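Okay, thanks everyone, I'll keep this short. Let me put the model up on the screen and then we'll walk through it.

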Amino acid sequence: MPELTLVDGSGARRDFPAKLTWQVIVCTVIAACGGLMFGYDIGISGGVTGMDMFLEKFFPEVYVKKHQTKANNYCKFNSQLLQLFTSSLYLAAIVGCFIGSICCKKRGRKPTMQIASLFFLVGAILNAAALNIGMLIAGRLCLGAGIGFGNQAVPLFISEIAPARYRGGLNLCFQLLITIGILTANVVNYATSKLHPYGWRISLGGAACPALLLLLGSVMIVETPASLIERGKNEEGLYTLKKIRGVDNVDKEYEEISQAVEFSRQIRHPFKNLLKRSSRPQLVCGALIQIFQQFTGISVVMLYAPVLFQTMGLGENASLMSALMTNTVKPIGTLFAIVVVDRFGRRALLIEAAIQMFISLGAIGVILAVHLHSTNVVAKHYAVLVIVLVCVFLAGFAWSWGPLGWLIPSEIFPIEIRSAGFSVAVIMNFVFTFLVAQTFLTMLCHLRAGTFFLYCAMLAVMCLFAIYFLPETKGIPIDEMVERVWKQHWFWKRCYKDHDTGKGGLEIQDKPKENTIA
Ligand code: BGC
């Protein structure tokens, strides 16, 4: 494997010797099982809420409405309770992510992932055994806590163990497993929808599989060197760094992490420091990229794809089948991104995909506006065209705003605020997924096809954001971002002007603690 050769801000060449070791690859794949949990849940809830036997048992009103032939196409699934079932998970995930960020900093990335898998396991069991809506929601809350802990720890973990040159591709494995999770869930739903009356229990209980994979696999993985050094375990940190880099000469990288950690020890309140001017560039970009990820309209397409297809007059089976087809596109798109993200960079992918998604979503909106009226069924060839456009949309998402929504926030924060900053970005994902999930059916009912045009407008804004405000982070070592990225950016460099003291205006302890770094 080639050694990494880097050039620092002063133009001098710097070498961080590193190989892409099996250790890193295996740890990445195991950790990415956190994505499998997240994806499985997204796919399962979308499918289960379209199943008659599930609706009949827990949401009888929706069931009755769905089968009224005269029910309005845009409104037949509109139920606050049904939306709450889907989105209650995100409320728990918000709390889980906040606590997870503290756990990540104080206990490490690895235990945080283990807690995530335990929560998810309990949630899966509760859901599979649900006798009433209370148990169902309690299960969703546990699943949500698991996702909160997991989505906080996994991307950070991968970004910290990856050598800079391969960080993008490795981190994208998280999204790859999200999409594989969704696809698996679709296959499971397709099979269980035929098993009356308990198919849905198998679907929901299946969530235990990815949780077990993460739980058992996590016994084998290392803790990240940065987290070990951050918690005073310097020798173990150095040992782990040598092991995962596959070379003995890791002094420069170790020194760099140690310096970052030394400074981070003087930070009193990571969350308070996030509000400082010098944290603003990362905070704004990290949070916005996750908000924008949701404003692509992805959750609309994902969570309710089967519902959307049924709204267009495809039967229950046909719509599950087409959701299956469209979801095969996403892993392929993300695989493509894994190959190119460290070559073309992050921004090129974001900009290209925003345009592609704008066009496809706009076209879906036009077809629905023209051809789908309150109670008719759309002609089959238009329904097929919508499926093709959904595929184009999903491919764009899968190589851009989807994976990069997790990658970029996990690599831009300096270590002293990394865990706290990343948690804010992840919480934004949950808040906005919740808002979109909670409002989409109502929006579809009232705005009808206009819903899609609203997301088109957002895509235009996002494209401009990526062009003007998002710096390129490809290949830059994670602990050098402030110097080499933010302080060089035409807009964001203003946040460092007045206090270029090395502290960057951060609030530090009056009396710095004894330096405990070896
Ligand atoms: C997003 C989810 C989305 C999924 C689709 C994730 O990155 O956060 O909201 O449903 O990708 O693949």
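I'll talk about the ligand site, and after that about one serine.

Just so we're clear, this is a predicted model. So, where does the ligand sit? Domain 1 (20-221) and domain 2 (274-497) both contribute residues to the shell around the ligand, so the ligand lies between them.

Which helices build that shell? Helix 2 (33-48), helix 8 (167-192), helix 15 (280-295), helix 16 (298-303) and helix 21 (401-412) each put in at least two residues. Helix 8 gives the largest share, with 4 residues. If you sort the shell by character, you get 8 nonpolar, 7 polar and 1 charged.

Out of the 16 residues around the ligand, the ones that come nearest are Q175, Q293, Q294, K330 and W406. Now look at the polar contacts to ligand oxygens. Q293 has a polar side-chain atom 2.8 Å from an oxygen atom of the ligand, and for W406 the distance is 2.8 Å as well. K330 places a polar side-chain atom 2.9 Å from a ligand oxygen. As for cover, the ligand has 310 Å² of accessible area on its own, and the protein covers 99% of that.

Okay, over to the serine, S360. You'll find S360 in helix 19 (residues 346-371). Is S360 buried or exposed? Buried, because its relative accessibility is 2%, and the cut-off for buried is under 20%. A polar atom of the S360 side chain lies 3.0 Å from the backbone oxygen of Q356. Leaving out residues up to four places away in sequence, S360 touches L389, V392 and F393.

How values were computed: Residues numbered from 1 in each chain as written. Predicted model: local features only at pLDDT ≥ 70, side-chain atom pairs only at ≥ 80, totals over all residues. Heavy atoms only, no water. Buried < 20%, exposed > 50% of the residue type's maximum accessible area, 1.4 Å probe, protein only. Polar contact = N/O pair within 3.5 Å; in protein donor to acceptor, adjacent residues only side chain to side chain. Contact = heavy atoms within 4.5 Å. Near = heavy atom within 4 Å. Areas by Shrake-Rupley, 256 points an atom, 1.4 Å probe, with all protein chains shown as cover. Nonpolar A, V, L, I, M, F, W, Y, C, P; charged D, E, K, R; others polar. Domains from an automatic or database assignment.
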